[in-house]
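Visitor: I have the model open. Can we go through some side-chain contacts and then a sheet?

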Amino acid sequence: MRGLSWSRPRPLLLLLLLLLSLLLSPWSVWAQVSATASPSGSPGAPDCPEVCTCVPGGLASCSALSLPAVPAGLSLRLRALLLDHNRVRALPPGAFAGAGALQRLDLRENGLHSVHVRAFWGLGALQLLDLSANQLEALAPGTFAPLRALRNLSLAGNRLARLEPAALGALPLLRSLSLQDNELAALAPGLLGRLPALDALHLRGNPWGCGCALRPLCAWLRRHPLPASEAETVLCVWPGRLTLSPLTAFSDAAFSHCAQPLALRDLAVVYTLGPASFLVSLASCLALGSGLTACRARRRRLCLRTAALRPPRPPDPNPDPDPHGCASPADPGSPAAAAQA
């Protein structure tokens, strides 16, 4: 009886399998090495600025490298860019071109004194911007307008003496604004009204002036009370005196002597009637001047006609002035005398 027979593998087949395994082993080792070497984990990688160090997750660390400008090579994979403690003195137009997905930007302590109005163009996803401990004295209107997703903005430790509403623009998602340690005496009217989501405002270390210009800020602080520890340090000084008062101590009645700002409807009336009244006044003056000129010309023609028809008479040594304002025919300077000559 014949059963199932066990056939031994042929020696040639075993030799082929051994050769195939030896050929494939180097490729598998190379694949493992290339997979572990991440391109974002080393400086100079395609998605990382050459001088910076990048880690997985889109973080580029360029801190304390004495960089004079924003490094080139920013990519869409960057989510956070740390440029603090460098020497970036100015931000030109399109300084962060290519980093449209950036969400966090740290520019602390760079000696920054100039920010172009188009420096932050293309950063529509930015949520945190730190410009603290620099030398900014003014911000151009529209500087932060492209940052519609911004939630945290720090301008602390600069030299800002005035902050216009147009500089911040309308930032609907901004929740925290740091203005401490500047040279602000007041906030321009309308600045806080364009920040509907703002609930954290840091103000200490500014020479606030106790005057009518402080009214919008005090009204905002009554709706958004500061923490007790900070409220005691936010003080204003009275003009001409050295008396300090906390901003939170001013009620709306304290500004009753101040002129009320015009409402939008009143402003519309003023801007509409002002040019119209000016044009009406100008037209009236032109019409009146033209009428007076025409009357004088007509009166002169009438005087000339009367002098031509009047008979000549001997000159009077003491002539009386003409009651009608016409020169006497005997007057050598009169038109009649000239005609007789």
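Visitor: Is Glu164 buried, exposed or partly exposed?
Guide: This is a predicted model. In it, Glu164 is partly exposed, with a relative accessible area of 32%.

Visitor: Which side chain does Glu164 meet in a salt bridge?
Guide: Arg162, at 2.3 Å from N to O.

Visitor: And Arg162, buried or exposed?
Guide: Arg162 counts as exposed, because its relative accessibility is 52% and the cut-off for exposed is over 50%.

Visitor: How many salt bridges does the structure hold?
Guide: Eight. One of the salt bridges pairs the side chains of Asp199 and Arg175, at 2.6 Å from N to O.

Visitor: Where do Asp199 and Arg175 sit in the chain?
Guide: Asp199 is in the loop between strand 9 (176-178) and strand 10 (200-202). Arg175 is in the loop between helix 2 (165-168) and strand 9. The two are 24 residues apart, and the pair links distant parts of the chain.

Visitor: What is the relative accessible area of each?
Guide: Asp199 has 40% and Arg175 has 44%. Asp199 is partly exposed, and Arg175 is partly exposed as well.

Visitor: Which residues are joined into one network by salt bridges that share partners?
Guide: Asp84, Asp106, Arg108 and Asp130.

Visitor: What about the Arg108 and Asp130 contact in there?
Guide: Their side chains meet in a salt bridge of 3.7 Å, N to O. Arg108 lies in the loop between strand 5 (104-106) and strand 6 (114-115), while Asp130 belongs to strand 7 (residues 128-130). They are 22 residues apart, and this pair too links distant parts of the chain.

Visitor: Asp130, buried or exposed?
Guide: Asp130 counts as buried, because its relative accessibility is 15% and buried means under 20%. Its partner Arg108 is partly exposed, at 30%.

Visitor: Changing topic. In what order do strands 11, 12 and 13 form their sheet?
Guide: The order is 11-12-13, in an open sheet with mixed pairing.

Visitor: Which strands stand at the edges?
Guide: Strand 11 (208-209) and strand 13 (244-246). Each has a single partner strand, so one side of each is left without a neighbour in the sheet.

Visitor: How do strand 12 and strand 13 run, parallel or antiparallel?
Guide: Antiparallel, with three bridges joining strand 12 (residues 235-237) to strand 13.

Visitor: Which residue stands opposite Cys236?
Guide: Ser245, in strand 13.

Technical notes:
Residues numbered from 1 in each chain as written. Predicted model: local features only at pLDDT ≥ 70, side-chain atom pairs only at ≥ 80, totals over all residues. Heavy atoms only, no water. Pairing = 2+ DSSP bridges. Helix = DSSP H or I, 4+ residues; strand = E, 2+ residues; numbered from the N terminus. Salt bridge = Lys/Arg side-chain N within 4 Å of Asp/Glu carboxyl O. Buried < 20%, exposed > 50% of the residue type's maximum accessible area, 1.4 Å probe, protein only.
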